[in-house]
Amino acid sequence: MIKLREKIGYGFGDMASSMFWKLFGSYLMIFYTDVFGLPAAVVGTMFLITRVWDSAFDPIVGVMADRTLSRWGKFRPYLLYLAAPFGLIGVLTFTTPGLGTTGKLVYAYITYSLMMMVYSGINVPYASLLGVMSPDPKERNTLSTYRMTFAYIGSFIALLLFMPMVNHFSHGHSEQYGWMMAVVVIAVMCTALFYGCFALTRERVKPIREVQSPLKDDLRDLLHNRPWWILLGAGIAALVFNSIRDGATVYYFKYFIVEESHAAVSLFGVSFVLSGLYLAVGQAANIVGVMLAAPVSNRIGKKATYKWAMSIATVLSIIFYWFGKGDLVLIFTFQVLISICAGSIFPLLWSMYADCTDYSEWKTGNRATGLIFSSSSMSQKFGWAIGTALTGWLLAYFGFRANAVQSEEAIHGIKMFLSFLPAVGTVLSVIFISMYPLSEQRMKKIEAELETKRKD
């Protein structure tokens, strides 16, 4: 039985990851176009190239983690050794050098590529940790719920406070300095959280085979793991949905809503902009979705819960297009409802990846936890690569111009980013998950057989 402190400790890891992940998803595009000074289409291409490469890097990290032997286990050492580099490179990514356009582009490629690689280096082992903390599917569901709850708490904190911190640090300094210092604060918090996750968690599940199988066997088993392929497709589609909505939000409020024309909301002496509140409200609603995921899926199953959540999100996203700039109540209300749906699916995905690990071990006798869980991070990054690349390219296609009044066509495009385009991702996600074969009843039988083999 895993104690509460360990569940909280495991949650710390994704709290750290999600702080930076949300900064990348919600602010990095507009940072590069409006602060750093790069064209939108160039940024979209950079995101595609760097994230596709990094998606391929994730399985490499998974293979390395599966073969790691230390007194701390296979996966926890990566939390210990990469926490500080994670924070440092995150700060460099949001630092603007005094270079020309070409020099800035090279700098952006290098720092962002390094950031995504170190993100893989710490996040893939962290995700894999779920598969070895407990063999009990119910405890894994609980751990997954803690993970996603803390992830959304971290995202909520980062998104709510980031722009107020940028504005605070920019006083008397340049806007570029304000962005960098705001990220410094986030980076220190993330580093401390990763150390806490390392200190509070333990690895317990041992493979049936004590000797690690050859890499070619791991890859062969993975490629023949049909549930894994299905989750890979569903995860990519879900992240296309998330990345397009998050990446376009600040553009939506800056150029369509024109948030500067609205009075800032002040609380405890801190002024919050509408876009930050919108994103933070979404993270709070995500937490509600996470809390609903376990009880609903326990009643109707993980597959059915996922399908209903994404189907509802599709309808709500399409309706979103027709809101006018004065419909703030409706805009925020639909953000809450869509975010509840989005929040409910990710604990289910993580739990299903753990099921895929057990399914592979049951079918082949080979357990490659890190390699299978690396696909979860891979699908995230590949989905973000597609979504953010599309955002950059389509902004350019619709005639977007940074820090200027937008044309009617550009406004139409920005509205599409929060409505029809993400709805394509939700529809594809539903199609993929409809083919998922590992029901709760089937997993009970698989777990019982595996437990018998471990005892033997």
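Colleague: How many salt bridges does the count come to in this model?
Modeller: The model is a predicted one, and a pair is counted when a side-chain nitrogen of Lys or Arg lies within 4 Å of a carboxyl oxygen of Asp or Glu. By this rule the count comes to six.

Colleague: Which helices does the pair K22 and D246 link?
Modeller: The side chains of K22 and D246 meet in a salt bridge, with N to O at 2.5 Å, and both residues are buried. The two residues stand 224 residues apart and belong to distant parts of the chain. The helices that the pair links are α1, which holds K22, and α8 (residues 226-257), which holds D246.

Colleague: In the salt bridge of D34 with K254, which residue is buried, and which is partly exposed?
Modeller: The closest N and O atoms of D34 and K254 are 2.6 Å apart, and the pair joins helix α1 to helix α8 across 220 residues of the chain. Buried means under 20% relative accessible area, with partly exposed lying between that and 50%. With a relative accessible area of 12%, D34 is therefore buried, and at 29% the partly exposed residue is K254.

Colleague: Is R220 buried or partly exposed, and what of D221, its salt-bridge partner?
Modeller: R220 and D221 form a salt bridge whose closest N and O atoms are 3.4 Å apart. R220 has a relative accessibility of 42%, so it counts as partly exposed. D221 has a relative accessibility of 10%, so this residue counts as buried.

Colleague: On which residue is the kink in helix α1 centred?
Modeller: Helix α1 covers residues 4-36, and 29 of its 33 residues are buried, so the helix is largely enclosed by the rest of the structure. Just after α1, G37 takes a positive phi of about 100°. The kink within the helix is about 55°, and the residue at its centre is Y27.

Colleague: Which element gives the largest share of the nonpolar patch on the surface?
Modeller: The patch is formed by V288, L292, V296, I300, W308 and I312, with about 540 Å² of accessible area together. Two elements, α9 (274-300) and α10 (302-320), give two or more residues to it. The largest share, four residues, comes from α9.

Colleague: Why can V296 count towards that patch, and what is its relative accessible area?
Modeller: V296 lies in helix α9 and is one of the residues that form the patch. Patches take residues with over 30% relative accessible area, so V296 passes this cut-off. V296 is partly exposed, and its relative accessible area is 33%.

Methods. Residues numbered from 1 in each chain as written. Predicted model: local features only at pLDDT ≥ 70, side-chain atom pairs only at ≥ 80, totals over all residues. Heavy atoms only, no water. Patch = residues over 30% accessible without salt bridge, like charges linked within 9 Å, V, L, I, M, F, W, Y side chains within 5 Å. Areas by Shrake-Rupley, 256 points an atom, 1.4 Å probe, with all protein chains shown as cover. Buried < 20%, exposed > 50% of the residue type's maximum accessible area, 1.4 Å probe, protein only. Bend = angle between axes of the 7 residues up to and from the residue.
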